[in-house]
Amino acid sequence: MAKNYLTKENFEKLDQVIESHKDMQGPLMPILHEAQHIFGAIPIEVQKVISEKLNVPMAEIYGVVTFYSQFTLEPKGEYLISVCLGTACYVRGAQQIVDKIADITGVAVGKTSADGKFSLEATRCIGACGLAPVLTVNEDVYGRLTLDDVPGIIAKYKG
Amino acid sequence: MKSLEELKALRDQAIKKVDIRKEKNGTRIVVGMATCGIAAGARVIMSALMDEVAKRELQDVTITQTGCIGVCRLEPLIEVYRAGEEKVTYVELTEEKARRIVAEHIVNGNIVKEYTIGSVE
Amino acid sequence: MDFYRAHVLVCGGTGCVSSGSLTIEEMFNKALEEKGLEKEVKVVRTGCFGLCEAGPICIVYPEGSFYSHVKQDDVNRIVEEHLLKGRIVKDLLYIDKAAPVTEIETSINNVGFYKKQKRVALKNCGVINPEIIDEYIAFDGYQALGKALITMSPEDVINEIKKSGLRGRGGGGFPTGLKWEFTRASEGDIKYVACNADEGDPGAFMDRSVLEGDPHSIIEAMALAAYAVGAQKGYVYIRAEYPIAVKRLGIAIAQAKEMGLLGDQIFGTDFSFDMEIRLGAGAFVCGEETALIASIEGERGMPRPKPPFPAQKGIFGKPTVINNVETYAVVPQIILNGSEWFTSFGTERSPGTKVFALGGKINNTGLVEIPMGTTLKEVIFDIGGGIPNGRKFKAVQTGGPSGGCLTEEHLDTPIDFDTLTALGSMMGSGGMIVVDDTNCMVDFARFFLDFTVEESCGKCVPCREGTKRMLEILERITSGNGTMEDLDQLEELAYSIKDSSLCGLGQTAPNPVLSTLKYFRDEYIAHVVDKKCPAGQCQDLLSIVITEDCIGCTACKRVCPVDAISGEVKQLHTIDQAICIKCGACIPKCPKKAIIKQ
């Protein structure tokens with residue numbers, strides 16, 4: 001997490017994004033999505049730039065950023081473990097899967113490990129209900145999980 | 001897109017590429033492609049049939065393969081199924097014979113008698 | 001023209017991609033090339049086939065052979081045997097768990113899961129390659145738009161939709177034709193059409209599947225809606241959690257623009273229409289139409305009071321028609337085939353078909369589309385294949401966090417908008433979660449409340465505070481600290497939240513509690529009075545015990561992390577309840593199944 005993500009390069013990218021969305025009606029959400037993508041988070045420093053360039057009050061931008069769960073104020077860990085807690089997964093035992101991961105990694109739900117390696121979150125339905133219970137690690141998807149699968153999956157990323 | 005006609009023309013072109021996934025009652029050509037068939041040269045027959053069907057832009061024709069039909073000595077052979085017709089089995093085929101079958105039987109509806117299993121046997 | 005004698009369709013829906021279908025697709029291409037068949041056999045990536053449980057799925061045409069759970073090793077066999085030699089690989093075909101095993105069906109059309117279905121909204125899903133516009137056009141795509149623009153007036157289009165009796169598939173069930181008529185009647189030179197693809201109901205994924213499998217149908221339908229109401233621009237609001245859907249719709253929009261099916265003077269008429277995608281950012285409430293509007297405008301996604309309705313004052317204050325994905329998906333077919341064709345399916349007040357997402361404790365998890373009026377029993381047992389592991393059906397939850405449970409006595413109920421509402425549940429977006437006798441209904445209700453509390457936007461008090469208080473009571477009950485007064489208070493709170501919340505989220509949030517209280521009150525009472533969880537799910541109310549069947553093998557003793565198990569070799573073992581942390585680690589270790597939760 002110590003990595004500096006507020007680089008000059010990233011801010012230049014942000015400027016371009018804001019510029020290209022300027023004439024759009026309702027540009028805030030698309031810009032925030034891009035910002036989250038560029039920086040991996042939307043901290044106050046980034047919000048300030050958007051506020052000034054769009055001429056929208058900081059309070060409003062902060063309100064929007066904190067309203068939506070996909071926008072974060074701090075960057076996530078290198079590997080984001082998301083366990084689906086949608087109904088289908090829950091009914092098939094996803095809660096035990098989350099508990100087991102928290103146990104193995106020592107990371108509580110919604111938190112990032114001290115070394116910045118793992119973040120753990122319980123996510124809303126990702127729509128892969130046919131494979132419940134499901135978890136994703138960054139882009140990788142693991143379905144039809146059993147508790148015994150968990151240690152192996154985590155080990156893969158521990159490296 | 002300027003008109004319905006344009007769309008229709010596009011559709012007629014496009015439909016040929018997906019035809020195979022629709023349920024239909026057209027002609028079915030089955031090629032015997034078990035070890036015996038392949039050894040006797042069934043792949044050449046298959047390629048020739050596909051080439052003819054593509055060249056003539058025939059619709060409602062599917063080409064599939066099947067396992068051993070049981071008369072290995074007469075390979076390569078194909079069976080042609082057409083709605084309202086008895087199954088026709090052609091045997092001891094060559095590439096030229098296969099092309100002729102498409103032209104005469106599939107397109108014009110005339111069974112090529114001399115290649116059928118009945119006349120060879 | 002290239003002629004292919006066989007097509008291998010590989011499902012590229014989210015479910016199958018998660019189980020590795022993209023690797024399978026790659027291997028097919030490689031194997032075909034090795035055998036020199038790449039000019040004869042084409043590999044096509046399609047959208048969802050619906051039977052996600054059996055993924056990765058491949059279908060080989062012209063035979064229609066339905067291969068399920070395809071593994072990497074299987075690919076070579078299918079290519080070698082089926083595609084080269086023409087022998088269907090029977091042992092890899094899908095086996096219908098619901099049907100008695102007589103003969104394995106070799107064609108997809110005869111598989112029980114598909115037999116009873118009527119695919120309208122899902123017509124092209126799993127049939128076409130969604131990234132190629134030509135394939136959509138080959139299956140009559142954009143014909144309806146052409147027909148409407150050239151031969152029908154906007155009023156004709158609205159009338160046809162009205163006559164079809166189409167009702168919104170997103171949950172509310174409001175007549176789509178009326179919505180369009182109101183929007184057309186509203187004053188204003190600028191109007192919008194919007195597609196609600198913020199499918200937030202956990203357990204429902206039909207909208208995702210349509211967007212992934214048949215994105216052009218949504219573009220065509222939105223253009224039709226725009227023509228009908230007099231709009232020039234459309235917005236599709238999609239959850240960011242659906243990256244594949246976003247990507248495919250983006251490709252489809254670009255293709256439609258290139259072909260002049262979006263843009264100026266479509267089909268040589270005066271009608272011009274353009275559309276763009278807006279991403280949600282993980283807020284369930286944005287599926288509520290006024291919150292969705294707020295979000296597109298760049299605000300927090302909080303609902304606004306109605307009236308004014310979006311038809312009068314929607315996106316950027318302009319009249320807007322908002323429909324759900326599945327609703328749009330059937331519109332082109334209604335215009336093309338006529339309203340009478342549509343009303344030939346379904347019931348009088350709920351015509352047509354509906355897609356349901358089967359999930360939970362059911363064999364064939366996946367998407368099914370059935371005529372309205374099909375009974376629950378047919379869906380769960382005939383199509384869904386019943387309950388796995390020989391367990392007993394307990395209840396089915398429809399409508400997600402807004403809906404309720406139906407029990408065994410309702411199995412013969414024909415499903416439509418009105419029957420479900422009358423039973424205290426609702427259609428919702430069509431999620432159907434089946435639970436068996438090992439699921440606790442109190443905990444199930446708590447799960448949904450937990451969801452609503454988290455997703456409540458906080459604007460109105462009844463929803464923000466009320467649902468939180470309900471959750472606290474439910475947590476008390478599931479941890480064994482509930483009282484009988486709690487049950488009464490739960491009910492009282494539920495009714496006042498329903499009556500006084502601002503939007504649909506709050507108004508329906510108490511439904512899961514009310515319906516479980518109605519049909520499973522004895523389970524609540526067992527938690528409160530006996531301090532027991534009959535389903536054995538609520539950890540705090542459980543104890544793990546060893547029965548007389550114990551042979552004293554010590555396997556359980558060795559695995560216990562807290563040394564709560566005592567007993568000598570070949571003697572009956574016991575668990576000290578004061579020490580036991582109920583982790584359950586001992587249960588699978590017992591060779592005699594002598595350790596049980598109770």
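Me: Helices (H or I, at least four residues) and strands (E, at least two) are DSSP runs, numbered from the N terminus. On that basis, what order do the elements of chain B run in?

Reply: From the N terminus, chain B reads α-β-α-α-β-β-β-α-α, with five helices and four strands. A word on the source: this is a predicted model, in which local features need pLDDT of at least 70 and side-chain atom pairs count only at pLDDT 80 or more, while totals for chains, interfaces and linings use all residues. Residues are numbered from 1 along each chain as its sequence is written, and chains are lettered from A and ligands numbered from 1 in the order in which they are written.

Me: How do you know which chains touch, and what about chain A and chain B?

Reply: Two residues are in contact if their C-beta atoms, placed from the backbone, lie within 7 Å. No contact joins chain A and chain B, and their closest C-alpha atoms are 25 Å apart. Of the two pairs of chains in contact, chains A and C share the most contacts. Chain C also meets chain B, with 30 residues of chain C in contact with 26 residues of chain B. On the chain C side, H5(C) gives the most, with four residues.

Me: What makes a residue of that side of chain C nonpolar, polar or charged, and how many are there of each?

Reply: Ala, Val, Leu, Ile, Met, Phe, Trp, Tyr, Cys and Pro count as nonpolar, Asp, Glu, Lys and Arg as charged, and the others, Gly among them, as polar. By class, the side of chain C that touches chain B has 16 nonpolar, six polar and eight charged residues.

Me: Why are H10(C) and H13(C) called roughly perpendicular?

Reply: Helix H10 (residues 215-229) and helix H13 (residues 325-337) of chain C pack at about 75 degrees, with axes 8 Å apart. Angles of 65 to 115 degrees count as roughly perpendicular, under 35 as roughly parallel, over 145 as roughly antiparallel and the rest as oblique. H10(C) and H13(C) are therefore roughly perpendicular to each other. Their contact residues include C:Ile218 and C:Leu224 of H10(C), and C:Tyr328 and C:Ile335 of H13(C).

Me: How do you know that S5(C) and S8(C) pair?

Reply: Two strands pair if DSSP finds at least two bridges between them. Strand S5 (residues 192-197) of chain C and S8(C) have five bridges, in the parallel sense, so the definition is met.

Me: What makes S7(C) and S8(C) stand at the edges?

Reply: The open sheet has the order S7-S6-S5-S8 in chain C. Strands S7 (274-279) and S8 (320-324) each have a single partner strand, so one side of each has no neighbour in the sheet.

Conventions
Axes fitted to C-alpha atoms, helices over the stretch in contact; angles between N-to-C directions.
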